[in-house]
Amino acid sequence: MADRKAVKIVSGQPDFLQFNNLACETAGGNVIFATDEWFAPASNLLKREPPEFIASAFTEYGKWMDGWETRRKRIPGHDWCIIQLGVPGIIHGLDVDTSFFTGNYSPSASVQAACLDEAPALTLEGDRTGMAASDSQFEAVAKLHSELWEELVPVTELKPGYSDTCHNYFPITYPSRVTHLRLNMYPDGGIARLKVYGVGQKDWSALPTQDQLDLVALVNGGVCLGYSDAHFGHPRNMIGLGRSANMGDGWETARRLDRPKNLQVDGKGILQVPGYEWAVLRLGHPGVISQIEIDTNHFKGNFPDSCKIEACHLTPEEEGKYVSGRWSSDPGNKWRVLLQPQKGRGTPTLASSLRNETLTLRTIVPGAIRGVKTDQT
Ligand SMILES: NC(=O)NC(NC(N)=O)C(=O)[O-]
């Protein structure tokens with residue numbers, strides 16, 4: 001396989017950024033409680049869009065900020081909020097992003113985790129003014145639930161929200177499934193986003209084996225393990241919840257700017273652009289694949305010329321051998337074609353041509369799907 005680029009790990013950035021954001025609002029993440037939301041609501045922490053700063057924007061509460069920002073504390077205690085993950089799972093890393101909070105960022109933070117079958121029964125309503133609850137009431141709620149929480153990140157100084165310091169990355173080694181996080185700010189201040197990078201973990205034991213479901217979906221534990229290019233959109237977007245809102249919600253590569261020197265004409269006189277883009281996705285569970293949907297919604301002038309899907313079953317050890325940037329080689333001759341190359345369509349979707357196509361490769365029990373996307377001309 002001609003490899004355009006190895007998986008891109010931008011130098012200095014942690015590997016865990018490749019995983020899914022399990023707390024993102026588009027994955028169903030939700031803030032269920034916050035001690036104070038005077039300047040800006042905690043729900044902003046989970047927004048998918050990068051934080052913004054609008055110098056002229058003020059509200060009746062103060063400067064408009066794109067994040068969670070509490071008042072300057074004049075009483076003992078600290079501010080905290082509880083986040084219900086959209087996709088419960090194993091967490092590999094956190095980004096506490098303080099973008100644009102400079103004179104008002106939270107100086108320190110800690111993060112706790114819990115696995116709760118039900119959301120904690122919080123007796124206090126968080127309110128914007130924070131006036132409804134006295135500090136002792138807040139402390140009572142905190143204490144009530146203290147046995148639920150295990151420490152993921154101890155109290156740690158944060159860096160301010162300038163462009164070169166705003167990402168406060170924390171690699172996490174915590175082997176248990178997490179459903180809820182508690183983010184603590186010491187004592188108060190602002191944080192723009194909390195990104196929770198990990199892999200969803202579903203309880204498969206409760207599901208009948210004959211049920212059809214999307215094995216690669218983020219909510220079912222699917223994850224992108226590698227790709228050739230993610231210039232405009234990461235391939236993990238393909239496995240998000242529901243249909244995409246716009247092009248930014250899909251996988252989009254950069255144009256191959258080296259095209260002119262690589263153009264070839266085949267035996268039939270048809271122009272060919274050699275090479276292709278690829279992404280490797282691990283399924284949430286091994287299974288028999290009977291249907292594939294490839295949705296090119298919104299990609300009209302830039303949909304892929306064609307695509308092909310290959311599948312294989314890999315043990316964790318075998319996967320480990322591939323992961324070190326060597327997805328382009330196939331030493332074990334493992335990959336089998338699941339979907340022969342299909343011509344893409346810009347509109348409305350390629351899915352319409354595949355939705356009814358049943359692939360009955362009953363002899364293959366894939367543990368991964370490899371999607372291969374050619375570049376447009
Ligand atoms: N200019 C500010 O941001 N002031 C205050 N914050 C907001 N959002 O108004 C503060 O707490 O420092």
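This report looks at the ligand site and the cysteines of a predicted model.

## Who surrounds the ligand

Let's start with the neighbours. The ligand has Phe-39, Gly-62, Lys-63, Met-65, Glu-69, Arg-72 and Asn-104 around it. Sorted by character, that shell comes out as three charged residues, two polar ones and two nonpolar ones.

## Polar contacts and cover

Three of those side chains are worth a look for their polar atoms. Arg-72 puts a side-chain N or O atom 2.5 Å from an oxygen atom of the ligand. Glu-69 has a polar side-chain atom 2.8 Å from a ligand nitrogen atom. For Asn-104, the distance from a side-chain N or O atom to an oxygen atom of the ligand is 3.2 Å.

How much of the ligand's accessible area does the protein cover? On its own the ligand has 310 Å² of accessible area, and the protein covers 72% of that.

## Cysteines without partners

Now for the sulfurs. There are zero disulfides in this structure, and two of the cysteines show why. A disulfide needs two cysteine sulfur atoms within 2.5 Å. For Cys-81, the closest cysteine sulfur belongs to Cys-24 and sits 15 Å away, so the pair is too far apart for a bond. Cys-224 has a similar story: the closest cysteine sulfur is in Cys-312, at 14 Å, which is also too far for a bond.

Are these two cysteines buried or exposed? Cys-81 is buried, with a relative accessible area of 0%. Cys-224 is buried too, at 3%.

Key. Residues numbered from 1 in each chain as written. Predicted model: local features only at pLDDT ≥ 70, side-chain atom pairs only at ≥ 80, totals over all residues. Heavy atoms only, no water. Buried < 20%, exposed > 50% of the residue type's maximum accessible area, 1.4 Å probe, protein only. Near = heavy atom within 4 Å. Polar contact = N/O pair within 3.5 Å; in protein donor to acceptor, adjacent residues only side chain to side chain. Areas by Shrake-Rupley, 256 points an atom, 1.4 Å probe, with all protein chains shown as cover. Nonpolar A, V, L, I, M, F, W, Y, C, P; charged D, E, K, R; others polar.
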